[in-house]
Amino acid sequence: MLFSSKISSTVLAYLDELGADLSPVYDQIDLPVEFLKDSSYWIEAPKLELLLKDLFALDHKKSISDLDLAHEIGLRVAEYRTWGALDSVLRMMPRPQELLLHPERFFSYFISPPPPAESLVRTNESVEFDLPISSDQFPLVTAFLSGAFSALPCFAGGQLGCSTWEGIHFAVSWSTGQTTLLPSKESTNH
């Protein structure tokens, strides 16, 4: 199984923003740094999980756990513009979170081969399903993706949702009862 470097590129953007010295990790990996920052590149799943662990270990002063940090970085993904063409597509959609109505298709941007979603339950404000990828096996990657999927509405100027990935069960919900400053015919995405 492979994970997209959309994940590593976002984490690296966050750490670059902090001014972290990443050279100790870069010296240990067998991949060019350019691949880690290229949103179209794919990395073996265990290697990416280990890379995230090593990157988070560089910050000895952090006040939150690695899992919480991965989730927080995911929540800020719309700020970093590290997902290449997918960023642009999400910004043009009126409700980017609707992409999770077809989870396999959306997960194909991050996981190869895309995992099948089972026991799918959809409502107007939430989606939940089971995936054959456990948060126990890939805790940092799943924490990041959980945060990133909560942030989908942010690409269109919306508010964060709330998500969990426990074991193989993933659930995300978004509030659609938001008030708007513009009348509906004037509030279109460009």
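Which residue in β3 stands opposite Phe3? In this predicted model, the residue opposite Phe3 is Ile111 of β3.

## The three-stranded sheet

Strand β1 covers residues 2-4 and is joined to β3 by two bridges, the two strands running antiparallel. These strands belong to an open sheet of three strands, ordered β2-β1-β3 with antiparallel pairing. Strand β2 (42-44) and strand β3 occupy the edges with a single partner strand each, so one side of each has no neighbour in the sheet.

## Aromatic pairs

The structure contains 15 aromatic pairs. One of them joins Phe107 to Phe170 in an edge-to-face arrangement, with 6.2 Å from centre to centre and 90° between the planes. Phe107 belongs to helix α8 (residues 103-107) and Phe170 to strand β7 (residues 169-173); the pair therefore ties together parts that lie 63 residues apart in sequence. Both Phe107 and Phe170 are buried.

A further edge-to-face pair is formed by Phe110 and Phe149, whose centres are 5.6 Å apart and whose planes make an angle of 70°. Phe110 is located in the loop between α8 and β3 (111-112), whereas Phe149 is part of helix α9 (residues 139-150), so this pair ties together parts 39 residues apart in sequence. Phe110 is buried, its relative accessible area being 0%. Phe149 is likewise buried, with a relative accessible area of 0%. Ring pairs link these residues into a cluster made up of Trp83, Phe106, Phe107, Tyr109, Phe110, Phe129, Phe149, Phe155, Trp165 and Phe170.

## Helix α9

Helix α9 has 12 residues, which at 1.5 Å a residue should span 16 Å; the C-alpha atoms at its ends are 17 Å apart, in agreement with that expectation. Of these 12 residues, 11 are buried, so the helix is largely enclosed by the rest of the structure. The buried residues of α9 include Leu140, Val141, Phe144, Leu145, Ala148 and Phe149. Polar side chains appear in the buried set as well, among them Thr142, Ser146 and Ser150.

## The nonpolar core

The largest nonpolar core has 52 residues, and within this core Leu100, Leu145 and Phe149 touch the most other members. Helix α9 supplies the largest share of the core, namely seven residues.

Leu100 makes contact with Phe106, Phe107, Val127, Phe149, Leu152, Phe170, Val172 and Trp174, when residues up to four places away in sequence are not counted. Several of these partners recur in the aromatic cluster, including Phe106, Phe107, Phe149 and Phe170.

## Cysteines

How many disulfides does the structure hold? The count comes to zero. Cys154 takes part in no disulfide, and the nearest cysteine sulfur, in Cys162, is 13 Å away. For a disulfide the two sulfur atoms would have to lie within 2.5 Å; the sulfur of Cys162 is therefore too far from that of Cys154, its closest cysteine sulfur, for a bond.

The two cysteines fall into separate exposure classes. Cys154 is partly exposed, with a relative accessible area of 25%, whereas Cys162 is exposed, with a relative accessible area of 51%.

Methods: Residues are numbered from 1 along each chain as its sequence is written. This is a predicted model: local features need pLDDT of at least 70, side-chain atom pairs count only at pLDDT 80 or more; totals for chains, interfaces and linings use all residues. Side-chain values use heavy atoms; hydrogens and water are left out. Rings of Phe, Tyr and Trp (its six-membered ring) pair if their centres lie within 6.5 Å; planes under 30 degrees apart count as stacked, over 60 as edge-to-face and the rest as tilted. Helices (H or I, at least four residues) and strands (E, at least two) are DSSP runs, numbered from the N terminus. Buried means under 20% relative accessible area, exposed over 50%, partly exposed in between (1.4 Å probe, protein chains only). The expected span of a helix is 1.5 Å times one less than its number of residues. A nonpolar core is a set of buried Ala, Val, Leu, Ile, Met, Phe, Trp, Tyr and Cys residues joined through side-chain atoms within 4.5 Å. Contact means heavy atoms within 4.5 Å. Two strands pair if DSSP finds at least two bridges between them.
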